[in-house]
Amino acid sequence: MNGSSVATTSPNVKAKEDQGINGHDEKENPFAEYMWMENEEDFNRQVEEELQEQDFLDRCFQEMLDEEDQDWFIPSRDLPQAMGQLQQQLNGLSVSDSNDSEDILSKSNLNPDAKEFIPGVKY
């Protein structure tokens, strides 16, 4: 009697342990986690579609970044090399506060008593 009672309780204890570990009864379907392999072609198609969609989104995002880069003005990229030399020359210019301004005024042909120019107004 001891042998028969041990044999009947042993599988029940093991089934309860399996159920407790995985959260479901493994006796029902021991290959439940591998059931996706049954429809492997559908699974592969789904994964391939997801990868193509991700690739499409990446390409669109890269195109958007490239277009944005073209819209920005970047002197080192957009100006010819001669313009870079001109920029260096312009940086070398300075405004001085010497008596040169008086010489310019004495040689000027402008009328200091003239009215101020306002665009769109006729005199």
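What follows is a chat between a biologist and a modeller about this predicted model.

Biologist: Let's start with the overall layout. What does the secondary structure of the protein chain come to?

Modeller: Five helices and zero strands. Read from the N terminus, the elements go α-α-α-α-α.

Biologist: And how much of the protein chain is made up of buried residues?

Modeller: Just 1% of the 123 residues. To be called buried, a residue has to come in under 20% relative accessible area. The chain exposes about 12200 Å², and carbon and sulfur atoms supply 54% of that.

Biologist: Okay, on to charges. How many salt bridges does the structure hold?

Modeller: Three. The general idea is that side chains of opposite charge can pair when their charged atoms come close.

Biologist: What makes D42 and R45 a salt bridge?

Modeller: Their closest N and O atoms are 3.8 Å apart. The cut-off is within 4 Å for a side-chain nitrogen of Lys or Arg and a carboxyl oxygen of Asp or Glu, so the D42 and R45 pair qualifies.

Biologist: Why are D42 and R45 separated by about one helical turn?

Modeller: Because they sit three residues apart in helix α2.

Biologist: What makes E49 and R45 count as well?

Modeller: Use that test again: the N to O distance is 3.4 Å, and the limit is within 4 Å, so the E49 and R45 pair passes. Both residues belong to helix α2, four residues apart, about one turn of the helix.

Biologist: Which residues are linked in a network of salt bridges, then?

Modeller: D42, R45 and E49.

Biologist: Why is D42 called partly exposed?

Modeller: Its relative accessibility is 43%. Under 20% would be buried and over 50% exposed, so D42 lands in between. R45, with 45%, gets the label partly exposed too, and so does E49 with 42%.

Biologist: Which residue meets R59 in a salt bridge?

Modeller: That's D55, with an N to O distance of 3.4 Å. R59 and D55 are four residues apart in helix α2, so about one helical turn separates them. R59 is partly exposed at 45%, and D55 is partly exposed at 42%.

Biologist: Which residues gather in the patch of negative charge on the surface?

Modeller: E63, D66, E67, E68, D69 and D71. Asp and Glu are the ones counted as negative.

Biologist: How do you know that D71 is exposed?

Modeller: Its relative accessible area is 68%. Exposed means over 50%, so D71 clears the bar. As for location, D71 is in helix α2, which covers residues 40-71.

Biologist: What about nonpolar side chains: which residues make the nonpolar surface patch?

Modeller: F31, Y34, M35, W36, M37 and F43, giving a patch of about 620 Å².

Biologist: What makes M35 eligible for that patch, and where is it found?

Modeller: M35 has a relative accessible area of 37%. Patch residues need over 30% and no salt bridge, so M35 meets the area requirement. The 37% also makes M35 partly exposed. You'll find M35 in the loop between α1 (2-22) and α2.

Biologist: One last stop, D78. Why is D78 called partly exposed?

Modeller: At 34% relative accessibility, D78 falls between the 20% and 50% marks, so partly exposed is the right label. D78 is part of helix α3, residues 75-78.

Biologist: Which residues is D78 in contact with, leaving aside its neighbours within four places in sequence?

Modeller: W72 and F73. Contact here means heavy atoms within 4.5 Å, so both W72 and F73 have heavy atoms inside that limit from D78.

Definitions and conventions
Residues are numbered from 1 along each chain as its sequence is written. This is a predicted model: local features need pLDDT of at least 70, side-chain atom pairs count only at pLDDT 80 or more; totals for chains, interfaces and linings use all residues. Side-chain values use heavy atoms; hydrogens and water are left out. Patches are made of residues with over 30% relative accessible area and no salt bridge: like charges are joined within 9 Å, nonpolar side chains (Val, Leu, Ile, Met, Phe, Trp, Tyr) within 5 Å. Accessible areas come from the Shrake-Rupley method with a 1.4 Å probe; for residues, only the protein chains shown count as cover. The place of a charge is taken as NZ of Lys, CZ of Arg, CG of Asp or CD of Glu. Helices (H or I, at least four residues) and strands (E, at least two) are DSSP runs, numbered from the N terminus. Buried means under 20% relative accessible area, exposed over 50%, partly exposed in between (1.4 Å probe, protein chains only).
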